[in-house]
Amino acid sequence: MLKNNNLLLASFVASVAMLGTGAATAQDDKEVVTVVKVTGENWFTRMEEGVTLYGEEHDGIGTRQVGPARADAAQQAAIIEDLISQEVDALAIVPMDPSTLEGVLRRAMGRGIAVITHEADSLQNTQLNLEAFDNAEFGAHFAEDIAECMGHEGQWTSFVGSLGSLTHVQWADGGEEYMAQFPEMELVSPKNESFNDANRAYELAKEILRAYPDIKGFQGGSAIDVIGIGRAVEEAGLEDETCVYGLGLPQDTSAYLESGAVDGIAFWDPKDAGYVMNILADKFLNGEEIKTGDDLGVSGYEDVTVTDGPGEGKIVRGQAWVDVDASNWSDYPF
Amino acid sequence: MLDSEHPQGTQAATASPFLETRSLHKHYGGVHALKGVSLRIERGRFYHLLGENGCGKSTLIKIISGAQSSSAGQVLIQGRDMTGLGPIAALGAGIETVYQDLSLLPNLSVAENIGLSEQLVEWSGKLFHRLDLSRLRDSACRALEVVGLPTERAFLSRQVETLPLASRQLVAIARAVASEAGLVIMDEPTTSLTRREVDNLIRVIRRLQSEGAAVLFVTHKLDEARDIGGVGLVMRDGELVHECDVSKATNAEIGYWMTGRELQQGRYRDMQPEKLPPLLEVKGLSLKKAYEEIDLSIAQGEILGVTGLADSGRNELAMTLAGLAPAKTGSVVLGGNALDLSAPDRVIREGVAYVPEDRLAEGLFLEKTISENITMSILDRLRSGFGLVSRSRARQAAQNTLEDLQIVAEDIHAPVSSLSGGNQQRVLIGRWLAAEPRLLILHGPTVGVDVGSKEIIFRIIQSQADKGMGVLIVSDDLPELLQNCDKILVMRNGRIYQTYEAEGLDEHTLYSAVVGD
Amino acid sequence: MITIESSHNNLDGVAQKVLRNFWVWSAHHPAIFPLFLIVVTCLSVGAINADFWQLSNLFDILRASVVRGLFALGVLVVLASGGLDVSFTAIAAFVMYTLTLFVVNVVPDLGIVPIFGIAGIMGAGLGALNGLLVSYLRAPALIVTIGTQYMLRGFLLTFIGTALFMNIPSAMDAFGRLNIITATAARGSEIGLPVYFLILILAATVTWWMLKHTLIGRAIFAVGGKPDVAERLGYRVKSVRVFVFAYAGLLAGVAGVIHVTANRLANPFDLAGTELAVIAAVVLGGARITGGMGSVVGTMLGVVLITLVSNVLILVGIPSAWQTAILGAFILFAGLFFSQLDRLAMR
């Protein structure tokens, strides 16, 4: 019995140690911690560059990024609880599932911790929520590309990482709204859940190709969806007949962009988002107010829009999406 | 197949015995469980290992069968030293042990249960070998034939857990046959069998013996041992204290050697109660597929015995009266009021206590303390003013029960699992006596209980009846009924076959009524 | 327990007898249950959308069953021995990512056979670790494997890497594209049944043979049925426990490599969270969560059923949220069916 306990304790200590990598330096006056959905995905690795950069460029502020080892809302909440008890000055959070964090974020604000969020415009308990762009506009942007590519007629479908990922659902809805103006566009089997697994997206895409042999348009949700869809399209030899657009990262998607299985991707640079979240946190801690039209000094965020959020907080929006296709993917190192 | 290897058959008893132990000792922590046991077992003979629970019988068997190693001493099989070689070596040397749970693998087939050991022994326990399925089936078939079970494929591939207990018992013996065992150890083989099944079992065992195997029974049933005959080996406190010809030994003699004191023989029921008012009256009770038109009555202070074969309906009748199997028709009146038998808690509230047959599965919470087990039926009464259970009152109640029933335990906060079988049974009875019921229903009250504990349990039953409690004993231990009851009711095929006055009734008459000869 | 009132006429009596015989028969052939659900699902999906009846669709379902099937065979063996394993996906992810990284960076020309060999050995080693912890520390298998699952995954993501990479070794890429036969789907594209499907067939056959025709196979069931009795009868219970976890680990390692070759990318986040679906497949196939029961045929049918439900419901236009609900209903149904069978078999 004692042995078992020791073993459990050991594994617990080991896992806690894993979470604690990259502690802030002690001499900084202000500590801003960015909490991401999951550590290590290329996306959030890139975001960490922005987070770290802000800390290096500015004196008197310590920045670091943490996140659970797997995409799990409960684990993310547990990490935030820990940070609250460590009494950091500000949290910059990319929520896995915003609704599950309401309680813990209210507690954080109650303790005087500034709460900045990203990709969570439905969240009540936040002071500033940063959106790289309006989600409906972003979804409409993909739909515009798809519609153009398809000649404004035919069947199309949309993917989401999961039905619980609000932004993915908003993109899918935004796309659907945009398409409403074209009576010849038919949406079939909407919002397929890929669970952030390329293989799952691949299997789903194949089934959709079988169920709707005439389908032409695919709108990806999670950054990994276009990879799976692209593979299914490539195997079916339909590179030229289909139009695949969605969120994606240049390096991961490059092979399919080259083959034409994926026609175009767009993303916002997570490095900039990480950097801007920390700007917002810094400004908020200094008591500065953000207004529509402010220039935050980062490309895509030169002329932000500020609106009231669903709660007390405000939503800050840029126009920071980047379009990538076969011609320019190699400009991006991630 | 036994014959081919041992052509002498029953005459195998020669200079060197099949098995010999030389001053075996076993220590468990501070407990000295075996204190130098030396015994010799010859082929073709019956042995009965007798003794109270905790006297070291189980330890001795475990050491002989290789399941445990001894602290000192030797085990010799056919002159070879086999001390501490493990179960595979013991099996290989021809020792087959049928524990109380029959050592069967419930999810494997009949054929596998019988034939696997043979091949396991052949590869000396190494598992990465091909299984010879046809040989498995062949040896299973041969063994099944010997014990008189079917040998068709459907039976061979049947899962053992789907068989009735008596057949499982025979499958376990078939395994001993298949492995050509020189010594078959049977740990309380007849505990849960009816008389007829016991008779059949003994027939099969005799056949085994006649082919040259020695059989060592571990048993509490002296009458059965006497019927079978052979050598009686009595153990007490880790020592072999007495060896005798079991068929000639009296209960008093063996009881004396087992307990070290004189036990009461004959009837415990000495006084006939004066005609007290009736307590329980049952009229025309029927339950489909179990029993029909049962009429019976129990007066205050009266002890009624009910017996019959396992399928006679006696078990279901007991369950019905406990509220566990509501009857379809008929009336039950307790102390002048109709008794609602639809649920056990209602029956308990009316003052009926039911002590089930399987105390482990249905009665006791083994991991809970003695005190908790005793007081759980009377929590209502132990409540103090605020509706909380009063600890001191609970402790007192448990302590009283412990003393009244002479339960041997370190203290009332020890878990029930630390007690011996007889003491466990007394805790269960104590729980219901603490509730001060008007009617006590005992289902097989001394199953698996040694004679010493039996005596104490019988005395408890008598003293409760003397206080005016009505007692119903459902049992197939006929001497137990004869010793304790005023009247004995025999059931057959779901109906009451005959009612006897217990005083002066002999066991043979009762047995014939039960089996219907 | 069949709670049918006693028969009023002969017809009822006959029906009752037939029903009872059916129950008894299915108690001995639990694989009938997933088979029945597969047939029902196929017939209803096929009736609504005739596109279902394509050879290419069959190929897709079989292909998608491979990784889950290998996992399930491991889980079957562990369950049969009375254990439980939830760490196999972590073992697979660990092996596939570490090994792919190693091959790409150190021995890019390594052939597919040694790759599978190393994967099997790594997986078996990690699985044996589970087995040692379970049998020597006497810790509950569920807790041990939850622990090793988290530790392996944490170790993988912290110390090995987190980046998805697309340039997998050429031998793995080529193996993933190798087909046994191909069928032509609508729109004229070729859909193949990949060679790695044969690995599942091979693993299933070996597992079946082992469970049926070797001493270790019977020992696994013996230990799963009653470990104390098995020990008394001379079965080496500890060796059996270590073996089953090692075997499950071996299959998981192989499954991990197949996942990479089929997916043409290595993503350390993949496979997490699929454990319960695999265990559900095995239980749908008639294995008991409490041990001592289960068959390879039933397990394979359970896997096909789960794959079928998660893939083909798109064909009949069922929204994605409902697909999970239907799967849940099937599992619940299976649980009720088997508990009913248990009670009947005892009578």
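## Chain B: its two domains

Between domain 1 of chain B and domain 2 of chain B, this predicted model has zero residue pairs in polar contact with both partners at pLDDT 80 or more. A polar contact here is a pair of N or O atoms within 3.5 Å; within protein, one must be able to donate a hydrogen and the other to accept it, and residues adjacent in sequence count only if both atoms are side-chain atoms. Salt bridges come to zero across that interface too, a salt bridge being a side-chain nitrogen of Lys or Arg within 4 Å of a carboxyl oxygen of Asp or Glu. On the side of domain 1 of chain B that touches domain 2 of chain B, helix α8 (residues 195–210) of chain B gives the most, with three residues. Helices (H or I, at least four residues) and strands (E, at least two) are DSSP runs, numbered from the N terminus. That side splits into one nonpolar, one polar and four charged residues. For these classes, Ala, Val, Leu, Ile, Met, Phe, Trp, Tyr, Cys and Pro are nonpolar, Asp, Glu, Lys and Arg are charged, and the others, Gly among them, are polar.

As for the bounds, domain 1 of chain B covers 2–11 + 23–259 and domain 2 of chain B covers 278–351 + 440–445 + 470–517; they come from an automatic or database domain assignment. The C-alpha centres of the two sit 36 Å apart, and the contact (heavy atoms within 4.5 Å) takes six residues from domain 1 of chain B and nine from domain 2 of chain B. Together they bury about 640 Å², with 49% of it on carbon and sulfur atoms. Buried area means the accessible area (1.4 Å probe) that two parts lose on being put together, summed over both. Of what domain 1 of chain B buries against domain 2 of chain B, T194(B), R195(B) and R196(B) supply 75%, more than any other three residues.

## Chain A: its two domains

Chain A is also split in two by the assignment: domain 1 is 26–133 + 269–320 and domain 2 is 135–267. Their C-alpha centres are 29 Å apart, with 10 residues of domain 1 of chain A and 11 residues of domain 2 of chain A in the contact.

The pair buries about 1100 Å², 57% of it on carbon and sulfur atoms. On the domain 1 side of chain A, W43(A), E119(A) and F133(A) lose the most area to domain 2 of chain A, together 46% of what that side buries. There are zero salt bridges between these two domains, but four residue pairs are in polar contact, both partners at pLDDT 80 or more. By class, the domain 1 side has three nonpolar, two polar and five charged residues.

## Where chain A meets chain C

Here 47 residues of chain A contact 48 residues of chain C. The area buried between the two chains is about 3700 Å², and carbon and sulfur atoms give 53% of that.

Chain A and chain C share three salt bridges and nine residue pairs in polar contact (both at pLDDT 80 or more). R210(A) makes a salt bridge with D60(C), their closest N and O atoms being 2.7 Å apart. Helix α7(A) supplies the largest share of the chain A side, 12 residues. That side divides into 20 nonpolar, 11 polar and 16 charged residues.

## Salt bridges within the chains

Over all chains, the rule counts 37 salt bridges. In chain A, R317(A) and D134(A) meet at 3.4 Å, N to O, and they link distant parts of the chain: R317(A) is in strand β13 (residues 314–317) and D134(A) is in the loop between β5 (128–131) and α5 (135–150), 183 residues apart. R317(A) is buried at 14% relative accessible area, whereas D134(A) is partly exposed at 22%. Buried means under 20% relative accessible area, exposed over 50%, and partly exposed in between (1.4 Å probe, protein chains only).

In chain B, R349(B) and D345(B) form a salt bridge with closest N and O atoms 3.3 Å apart. The two are four residues apart in helix α12 (residues 344–349) of chain B, so about one helical turn separates them. R349(B) is exposed at 64%; D345(B) is partly exposed at 42%.

## Reading the numbers

Residues are numbered from 1 along each chain as its sequence is written, and chains are lettered from A and ligands numbered from 1 in the order in which they are written. In this predicted model, local features need pLDDT of at least 70, side-chain atom pairs count only at pLDDT 80 or more, and totals for chains, interfaces and linings use all residues, while side-chain values use heavy atoms, with hydrogens and water left out.
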